[in-house]
Amino acid sequence: MNHRHRKVLHAIFSHPVSANIDPKAVESVFEELGAEVSVNGSGHLAVKLGSHAHAFHNTQHSLSKDEVVAIRHFLTQSGVDPVRDYPL
């Protein structure tokens with residue numbers, strides 16, 4: 001995982017929750033983590049990482065705080081720990 005991906009991953013897990021994260025960068029991080037990413041017919045981004053799957057709103061603008069929290073929760077459930085696995 002390159003430095004840019006690590007910065008985005010750490011931004012997802014930062015406190016307070018950031019509302020200035022590019023959705024394309026998050027999609028790129030998902031792919032870097034080995035997730036299967038696809039856009040389904042209802043305009044959602046379907047992500048499958050390990051045995052966990054979730055559909056996120058596919059937006060062209062910065063992610064909302066609620067979306068960032070949902071992504072954080074999904075990654076935590078999938079066993080991703082940025083501090084342990086991907087230190088800056």
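# Charge pairs, helices and core

Tutor: Asp 85 forms a salt bridge with Arg 84, and the closest N and O atoms of the two are 2.7 Å apart. Before we go on, this is a predicted model, in which local features need pLDDT of at least 70, side-chain atom pairs count only at pLDDT 80 or more, and totals for chains, interfaces and linings use all residues. Residues are numbered from 1 along each chain as its sequence is written, and side-chain values use heavy atoms, with hydrogens and water left out.

Student: Why is the contact between Asp 85 and Arg 84 called a salt bridge?

Tutor: The term requires a side-chain nitrogen of Lys or Arg within 4 Å of a carboxyl oxygen of Asp or Glu, and the N and O atoms of Arg 84 and Asp 85 are 2.7 Å apart, so the pair qualifies. A search of the whole structure finds 2 salt bridges.

Student: What accessibility class do Arg 84 and Asp 85 fall into?

Tutor: Buried means under 20% relative accessible area, exposed over 50%, and partly exposed in between, computed with a 1.4 Å probe on protein chains only. Arg 84, with 54%, is therefore exposed, whereas Asp 85, at 32%, counts as partly exposed.

Student: How do you know that Lys 24 and Glu 27 also form a salt bridge?

Tutor: Their side chains meet at 3.8 Å, N to O, which is within the limit, so this pair also satisfies the definition. Both residues lie in helix α2 (residues 23-32), 3 residues apart, which is about one turn of the helix. An α-helix has 3.6 residues a turn, so residues three or four places apart point the same way.

Student: Why is Lys 24 called partly exposed, and why is Glu 27 called buried?

Tutor: Lys 24 has 48% relative accessibility, which lies between the two cut-offs, and therefore counts as partly exposed. Glu 27 has 17%, which is under the lower cut-off, and therefore counts as buried. Glu 27 is listed among the buried residues of α2 with Pro 23, Ala 25, Val 26, Val 29 and Phe 30, and these residues pack against α1, β1 (36-39), β2, β3 and α3.

Student: What makes residues 65-77 helix α3, and how does the reach of this helix compare with the expected one?

Tutor: Helices are DSSP runs of H or I with at least four residues, strands are runs of E with at least two, and both are numbered from the N terminus. Helix α3 has 13 residues, so the length requirement is met. The expected span is 1.5 Å times one less than the number of residues, and α3 reaches 18 Å from its first C-alpha to its last, close to the 18 Å expected.

Student: How do you know that the buried residues of α3 are on the same side?

Tutor: The buried residues are Glu 67, Val 68, Ile 71, Arg 72, Phe 74 and Leu 75. They cover an arc of only 165° around the axis, which puts them on the same side of α3; the arc is that of the directions from the helix axis to the C-beta atoms. What covers them includes α1 (3-12), α2, β2 (44-49) and β3 (52-57).

Student: How do you know that Arg 72 has no salt bridge?

Tutor: Lys and Arg count as positive and Asp and Glu as negative, while His and the chain ends are not counted. For Arg 72, the nearest side chain of opposite charge is Asp 66, 11 Å away, which is outside the salt-bridge limit, so no bridge is assigned to this buried residue. Taking contact to mean heavy atoms within 4.5 Å, and leaving aside neighbours within four places in sequence, Arg 72 is in contact with Ile 12, Phe 13, Ser 14, His 15 and Val 17.

Student: What makes a set of residues a nonpolar core, and which have the most contacts inside the largest one?

Tutor: Such a core is a set of buried Ala, Val, Leu, Ile, Met, Phe, Trp, Tyr and Cys residues joined through side-chain atoms within 4.5 Å. The largest here has 21 residues, and those with the most contacts inside it are Ile 12, Val 26, Phe 30, Ile 71 and Leu 75. The elements that give two or more residues to this core are α1, α2, β2 and α3. Beyond residues up to four places away in sequence, Ile 12 touches Ile 21, Val 26, Val 68, Ile 71, Arg 72 and Leu 75.

Student: Why is Ser 78 called partly exposed?

Tutor: Its relative accessibility is 21%, which is not under the cut-off for buried and not over the one for exposed, so Ser 78 counts as partly exposed. Ser 78 lies in the loop between α3 and α4 (82-85), and touches Leu 49 and His 52, not counting residues up to four places away in sequence.
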